[in-house]
Amino acid sequence: MLACYGTPEHASIQLDGAPFRSIFVVRDPRALLVSWYFSTRFSHVSTEGVERHRQAMEGLNEEQALTYMISEFEKEFVPVFEAWLNRIENSVDCKLVRFEDLIGASQKQTWMDIFDHLDILTSPGTLNAVLDTYSIGKLRGNKSNPDKKYAAAGQRPWQDHLVNDARVAFEQSLGKLPARLGYE
């Protein structure tokens, strides 16, 4: 089992070139962008990359900062999405899974489909225990602390933040990406 934030090629290198089955978990790229913006600007632990983005956003309002983040998103995330989409289109060994399906109403079936894809046997009781242990409610903890990871838990709809020029910039740069990933 390997979690990889890179491309399928990165995963292959980490696995010494051995064949592998994979799942590519995606979020709506609009929601991911808004979440990344808030995390980067306000709450993420300081790193060289985070500080670079924070400095670039200094003095910008939210719409301007989101427009900046769209160009960075295109550089940092889109090549990874494209690589996984290419693998999915050309291999039965890779399955696309929407994040919302992992935590939504059909989560049990989604997880069973993943385990089936990966040839992992599990009982419904074990699955229920795991889903309960790692529920967003338990991971979120004290939701009154906005700086805590998972605190927003989907409470920042992208439609409220990608407005005006930022919405136009997203559509011009990344407009087809949501549909390619199974969103609208």
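**Exercise 1. Who touches Leu 181?**

Leaving aside its neighbours within four places in sequence, which residues is Leu 181 in contact with?

*Solution.* A quick caution before we start: this is a predicted model. Now go to Leu 181 and skip the residues within four places of it in sequence. What's left is Phe 24, Val 26, Pro 29, Phe 81, Leu 85, Leu 96 and Arg 98. Next, place some of these partners: strand 1 covers 22–26, helix 2 starts at 29, and helix 5 spans 78–90. Finally, look at the wider setting: Leu 181 is listed with Leu 33, Phe 73 and Leu 162 as the residues with the most contacts inside the largest nonpolar core.

**Exercise 2. Map the core and the overall fold.**

Work out which elements build the largest nonpolar core, then set it against the whole chain.

*Solution.* Start with the core, which has 33 residues. Strand 1, helix 2, helix 4 (62–76), helix 5 and helix 10 (164–174) each supply at least two of them. The top contributor is helix 2 (29–43), with 7 residues.

Now zoom out. The protein has 11 helices and 2 strands, running α-β-α-α-α-α-β-α-α-α-α-α-α from the N terminus. Of its 184 residues, 33% count as buried. Take the contacts between residues at least 6 apart in sequence, and 62% of them join residues at least 24 apart. As for the outside, the accessible surface comes to about 11,200 Å², with 52% of that belonging to carbon and sulfur atoms.

**Exercise 3. Compare three salt bridges.**

Describe the pairs Glu 72–Lys 75, Arg 180–Glu 89 and Arg 98–Asp 101, including how exposed each partner is.

*Solution.* The whole structure holds 10 salt bridges; we'll take these three in turn.

Step 1: Glu 72 and Lys 75 meet at 2.9 Å, N to O. They sit 3 residues apart in helix 4, which separates them by about one helical turn. Why does that spacing suit a pairing on one side? An α-helix has 3.6 residues a turn, so residues three or four places apart point the same way. The two ends are set quite unlike each other: Glu 72 is buried at 7% relative accessible area, while Lys 75 is exposed at 55%. This pair also belongs to a salt-bridge network that links Arg 52, Glu 72, Lys 75 and Glu 76.

Step 2: Arg 180 and Glu 89 meet at 3.7 Å, N to O. Arg 180 lies in helix 11 (residues 177–180) and Glu 89 in helix 5, so this bridge ties together parts 91 residues apart in sequence. Arg 180 is partly exposed at 37%, and Glu 89 is exposed at 56%.

Step 3: Arg 98 pairs with Asp 101, the closest N and O atoms being 3.3 Å apart. Arg 98 is partly exposed at 25% relative accessibility, and Asp 101 is partly exposed at 25% as well. You've met Arg 98 already, as a contact of Leu 181.

**Exercise 4. Find the two sides of helix 3.**

Which residues of helix 3 (residues 48–57) are buried, and what covers them?

*Solution.* First, pick out the buried ones: Val 50, His 53, Arg 54 and Met 57. Then look down the axis of helix 3: these residues fall within an arc of 100°, so they line one face of the helix. Their cover includes helix 2 and helix 4. Turn to the face pointing away from the buried side, and you'll find the exposed residues Glu 48 and Gln 55. Last, step just past the end of helix 3, where Gly 59 takes a positive phi of about 85°.

Methods. Residues numbered from 1 in each chain as written. Predicted model: local features only at pLDDT ≥ 70, side-chain atom pairs only at ≥ 80, totals over all residues. Heavy atoms only, no water. Helix = DSSP H or I, 4+ residues; strand = E, 2+ residues; numbered from the N terminus. Buried < 20%, exposed > 50% of the residue type's maximum accessible area, 1.4 Å probe, protein only. Contact = heavy atoms within 4.5 Å. Areas by Shrake-Rupley, 256 points an atom, 1.4 Å probe, with all protein chains shown as cover. Core = buried A, V, L, I, M, F, W, Y, C linked by side-chain atoms within 4.5 Å. Salt bridge = Lys/Arg side-chain N within 4 Å of Asp/Glu carboxyl O. Arc of directions from axis to C-beta.
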